[in-house]
Amino acid sequence: MQHLMFTPHDRDTTLTRVLALAEADPRIDAAVITGSLGSGRADRWSDIDLDLLVSEGEACERVAGEWVERIGRELGVVHRYETAFGSTLVRGLFLPNGLLLDLAFTPSSDFSAWAPVRVAFDRSGRATAIAAAPESWSPTPDWHGEAGFAWHDVLHGCAAANRDRPWQALYFLQRLRNRTLALASERHGLDASEFKHVDDLPAGEREPLRASLVADLERGALLAAIEVATHAFLGELRRGDPQLAERLAPSLSRLLRASREAEPRDAPRRASGASADQAKSE
């Protein structure tokens, strides 16, 4: 019976197969399992994150390209994405059973670890030594920088709602909410990327933002949600830069109040435009 989605057994079988290919490739010095599989936190939904350390003198770009072709032949690939982090090239391969195989290609001399990982094989021993003592890392919240983007989001979100551009207003609302949760994560010393730890935040820091979730795109609902998100952001900012929060609060409050009391300026124009279009069609 074919599974609708990969099982943990499918994932383990795929990992074993890829590791065998890597160990047979003399250009690969070591293979390091990262992510939840590497840290021992894997569950039924975990994918495969694998860092292949490329030998000195070999071009990562060429090795990565040949590996993508090889995995396509061996496992089949529905689609892929490409990105880079410093000298590390990442190729995300989406397999037919829904499994993501995230392959990283790092020059062997550039390998570092700042979280628990598992070394699958290591020809030189260098990766094993580095993995045994991962570098400590803790994010530093950028209170000042994020506050600048936050008031920008509030301003443009309110303007969009009053211009009858609800999807744009929603975009700025989501950005504002996400900034608040990301700063909270970093304040707790957690990696904020992809919201990996937002669900681990204290409930009291997450729950106030529930009221910023909208069920529709009606102007009043959007403006109310933006106001909730603004107060939540200011609350978070007070934990890191209280003076800046108090400086911003009065102006943002006036902006929110004026936005609520304003008439949507584009409504008459849109209505008349619709009438003109209707008249042309008659």
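I take a residue as buried when its relative accessible area is under 20%, and with that cut-off I looked through this predicted model.

**Entry 1, the whole chain.** Of the 282 residues of the protein, I find that 38% count as buried. I then looked up the accessible surface, which comes to about 15,600 Å², with 53% of that area belonging to carbon and sulfur atoms. For the secondary structure I noted 10 helices and 6 strands. The radius of gyration is 25 Å, well over the 19 Å that the globule rule gives for 282 residues, so I describe the protein as more spread out than a compact globule. Along the principal axes, the C-alpha trace spans about 70 × 60 × 40 Å.

**Entry 2, contacts and charges.** Taking the contacts between residues at least 6 apart in sequence, I see that 61% join residues at least 24 apart. I also looked up the 33 positive and 42 negative charges, whose mean positions lie 5 Å apart.

**Entry 3, strand 5.** I turned next to strand 5, residues 100–107, which is mostly covered, as 6 of its 8 residues are buried. Strand 2, residues 48–54, runs parallel to strand 5 and is joined to it by 7 bridges; within this pairing I noted aspartate 51 opposite alanine 104. Strand 4, residues 88–94, pairs with strand 5 in the antiparallel sense over 6 bridges, and here I found leucine 103 of strand 5 as the bridge partner of arginine 91.

**Entry 4, the hairpin.** Strand 4 and strand 5 form a hairpin with 5 residues between the strands, and in this hairpin I noted that glycine 98 takes a positive phi near 90°.

Conventions. Residues numbered from 1 in each chain as written. Predicted model: local features only at pLDDT ≥ 70, side-chain atom pairs only at ≥ 80, totals over all residues. Heavy atoms only, no water. Helix = DSSP H or I, 4+ residues; strand = E, 2+ residues; numbered from the N terminus. Rg over C-alpha atoms; globule rule 2.2 N^0.38 Å. Buried < 20%, exposed > 50% of the residue type's maximum accessible area, 1.4 Å probe, protein only. Contact = heavy atoms within 4.5 Å. Areas by Shrake-Rupley, 256 points an atom, 1.4 Å probe, with all protein chains shown as cover. Lys, Arg positive; Asp, Glu negative; His and termini not counted. Charge placed at Lys NZ, Arg CZ, Asp CG, Glu CD. Pairing = 2+ DSSP bridges.
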